[in-house]
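Work through the following exercises with the sequence and the structure side by side. Try each task before reading its solution.

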Amino acid sequence: MKNFKSLTIMLVIVLMASATGFSQAKITVKGSDTMVILAQRWAELYMKSNSQVTIQVTGGGSGVGITALINGTTDICNASRPMKQTEIEKLKGRYNTLGVEIPCAKDGVTIFLNDANKVNELTLKQISDIYTGKIKNWKELGGNDAEIRLYGRENSSGTYTYLHDEVVKDDYASTVQSLPGTAAVVNAVKKDVNGIGYGGAAYAVGVKYAKVKKDANATGYVPSAETIGKGQYPITRYLYMYLRNRPTGETKKYVDWILSPAGQAVVTEVGYFPYK
Amino acid sequence: MTLALYGYSQKQVVDSLKEVLENHQGKLNSLDERVLVNEADLGKLNKIKVSGYVQAQWESYGADLEKSNGYSNTYYIRRARVKFTYEAADGVKFVLQPDLSTGNLALKDAYAVVNLPKLKNLTLWAGQMNRPDYEVEYSSSSREVLERSRVVRAIYPGEREVGVKLEYIGVKIPIKFQLMAMNGNFTGTQQKDVDSRKDLMARLVYSIKLPAAGIGIDLGPNVYYGGNLSKTNKYFKNSNGTLDSLKSAWTYLDKNWIGAEAQIYADVLGGLAIKGEYMAGVNSTPSSVAASATRAQMIASPSLYNNFSGYYVYFVKNIGPKNQFVAKYDYYDPNTKLSGDAAGGSLYYKTWTLAWQYYLNDNIRITLNYEMPKNETNASNPTDKKDNTLGVRIQAKF
């Protein structure tokens, strides 16, 4: 028994020591489509001045990124929503950690309307009623007598989940056309005068932002550095990076750079807002 | 004339092009409609999730187990589960999970989960499901050793029960509260309860997060309150091993215990967890003697009423992303009031288990597991039984 105990202790020491030797010259980043352009820009700039590091960025949605983090197929997961308790439980079960949550930018979930749409302002309740199918015609909102066409994201999207949990708070209408990425949503609304979509602020090119109001008596705001900074825009959220363990080596250097003024300047350049 | 003919010809070309365009527009509209129909159908399919796992295993047994089993080692399928989850609507879920392992076709889970309206974090569960206990609820596909602790297997046989459960998961306050009312006697086969009294079980877990230190702690108490109906026999053997009697048969024997659990997760050169639970109380086993039995027969087969206690502690260390080392110690004494020769067959067990997990990929896990139970010795069992078990399991999960 004594020998057995000694053997066990030695085995644990050797393995713990070996765990410190993992190198991370290649960093994989996966997840939020909202954050893809931001993550790609970060990676491009960082690799320019750190040629020893390769950073591979892919999208797929926050849910896909979190699954990849749990499955061990990505080093960093980008997510436009916080991790759910069930996801943290899976991380605990597999890696015995809670994961590391790093807020790295802010975003206003933007409601996209076609430029020709007469409607300019929506309350949170109206957005909910539109996406649950209770409001079906633009006429009910002071617009043209035309059916509202709904564009949205797939359920693996963090923005889909965030809007559902914070604004819609009920089942999305079955008429919502799910599109693979915010760029596709913007494109659909750009071509459809009666369309409405949602997504990250950085993608709104060729469509207009709806002003969003907390309720009918409140002032409407579009997402901007000022309205988000002051907490006025009602659908403001953090964008996150998640890791399984506290970062070390090259991953830590990369994360530190993202949170530095240089990394946060990229956030503004891309169209999002600094996390502080 | 030529100009007129040219103009006529141009008009024909334009008309023809218009016709082609309209034709294509029609086709596109029809494709659009088909895509929408397909999307709606796919949406329905998305509501069904199928997952599962197969555990193929080889085990080698110590000499005493070899004698009782008749073989020293065996290959077998420990579990072969398929889990169907149907999310009918937001907050409404149905789960069905059969076990299809060899000679063991059994329904493991069959329940519905409903989010109570306007109480977003409160869910109502109804059907056949796990009892609310940490090691019971921790899936066999994730568990770090091959089998659950001896005490958990003894007081929660088959893990499942039939009943209803309320579960609250706090958002602002990080708590989880579970309250379950159940038949209380389920062993995996009987369709209905065997007595009228319903057992109650409650569990509270409070989560503490210390992100700067990379530490998370879940801890809390649990309680079980129930009973077993002694239908035919008023005689029972109490914890002291002496014969006692109830006023009459058709009386409930207590089945009550309390417990406490804690799981500590720390990010120390990769993940590390220390997880444990302690439980103690009284458990009973009703006599199976016939109502027509003689007094002597009843006295010979009394119900059992024992004070028990047990606990387990896991130490789990992740070694890089693919390997995991596990050491576990568990203790179970089915009768805390008696020891030595007086304990007879109710021996306590102290069990060390060492295991190594290798995650080949997302779907495949290989486990090497060595279980070393050490039993209490007395006149009837003068030596520690040779019942160590070496196991190798390959688990495929999808």
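A residue is called buried when its relative accessible area is under 20%, exposed when it is over 50%, and partly exposed in between, with a 1.4 Å probe and protein chains only. The model is predicted, so local features need pLDDT of at least 70 and side-chain atom pairs count only at pLDDT 80 or more, while totals for chains, interfaces and linings use all residues. Residues are numbered from 1 along each chain as its sequence is written, chains are lettered from A and ligands numbered from 1 in the order in which they are written, and side-chain values use heavy atoms, with hydrogens and water left out.

**Exercise 1. Describe chain A as a whole.**

Step one is to list its elements, where helices (H or I, at least four residues) and strands (E, at least two) are DSSP runs numbered from the N terminus. By this rule chain A has ten helices and twelve strands.

Step two is to consider its extent: along the principal axes, the C-alpha atoms of chain A fill a box of roughly 85 × 45 × 30 Å. Of its 276 residues, 54% count as buried.

Step three is to look at one helix, α4 (residues 85-95) of chain A, in which Glu87(A), Ile88(A), Leu91(A), Lys92(A), Gly93(A), Arg94(A) and Tyr95(A) are buried. Asn96(A) follows α4(A) and has a positive phi, near 60 degrees.

**Exercise 2. Find the edge strands in the five-stranded sheet of chain A****.**

Begin with the order of this open sheet, which is β8-β7-β9-β5-β10 (chain A) with mixed pairing; two strands pair if DSSP finds at least two bridges between them.

Next, read off the ends: β8 (177-179) and β10 (208-209) of chain A each have a single partner strand, so one side of each is left without a neighbour in the sheet.

Finally, inspect one pairing, in which strand β7 (residues 149-153) of chain A runs parallel to β8(A) and is joined to it by three bridges. Within this pairing, Arg153(A) has Leu179(A) as its bridge partner.

**Exercise 3. Follow strand β9 of chain B to its two partners****.**

Start with strand β8 (residues 199-210) of chain B, which runs antiparallel to β9 (residues 215-230) of chain B and is joined to it by nine bridges. Here Ala202(B) stands opposite Val223(B). Four residues lie between the strands of this hairpin, where Gly214(B) takes a positive phi near 70 degrees.

Then turn to strand β12 (residues 251-267) of chain B, which is antiparallel to β9(B) and connected to it by 16 bridges. Thr251(B) in β12(B) is the bridge partner of Ser230(B).

End with the loop between β11 (243-245) and β12 of chain B, which holds Trp250(B). Trp250(B) is not a glycine, yet its phi is positive, at about 60 degrees, and its relative accessibility of 59% means that it counts as exposed.

**Exercise 4. Which parts of chain B does the salt bridge between Arg78(B) and Glu147(B) tie together****?**

First apply the rule that a salt bridge is a side-chain nitrogen of Lys or Arg within 4 Å of a carboxyl oxygen of Asp or Glu. The side chains of Arg78(B) and Glu147(B) meet it at 2.8 Å, N to O.

Second, place the residues: Arg78(B) lies in strand β2 of chain B and Glu147(B) in the loop between α3 (134-137) and α4 (150-155) of chain B, so the pair ties together parts that are 69 residues apart in sequence.

Third, compare the accessibilities: Arg78(B) is partly exposed at 24%, whereas Glu147(B) is buried at 18%.

**Exercise 5. Trace the salt-bridge network that includes Glu137(B)****.**

Start from the salt bridge of Glu137(B) with Lys176(B), whose closest N and O atoms are 3.9 Å apart. This pair links distant parts of the chain, with Glu137(B) in helix α3 of chain B and Lys176(B) in strand β7 (residues 175-182) of chain B, 39 residues apart.

Then classify both ends: Glu137(B) has a relative accessibility of 24% and counts as partly exposed, and Lys176(B), at 25%, is also partly exposed.

To finish, follow the shared partners, through which Glu137(B), Lys165(B), Glu167(B), Lys176(B), Arg203(B) and Glu261(B) are joined into one network.
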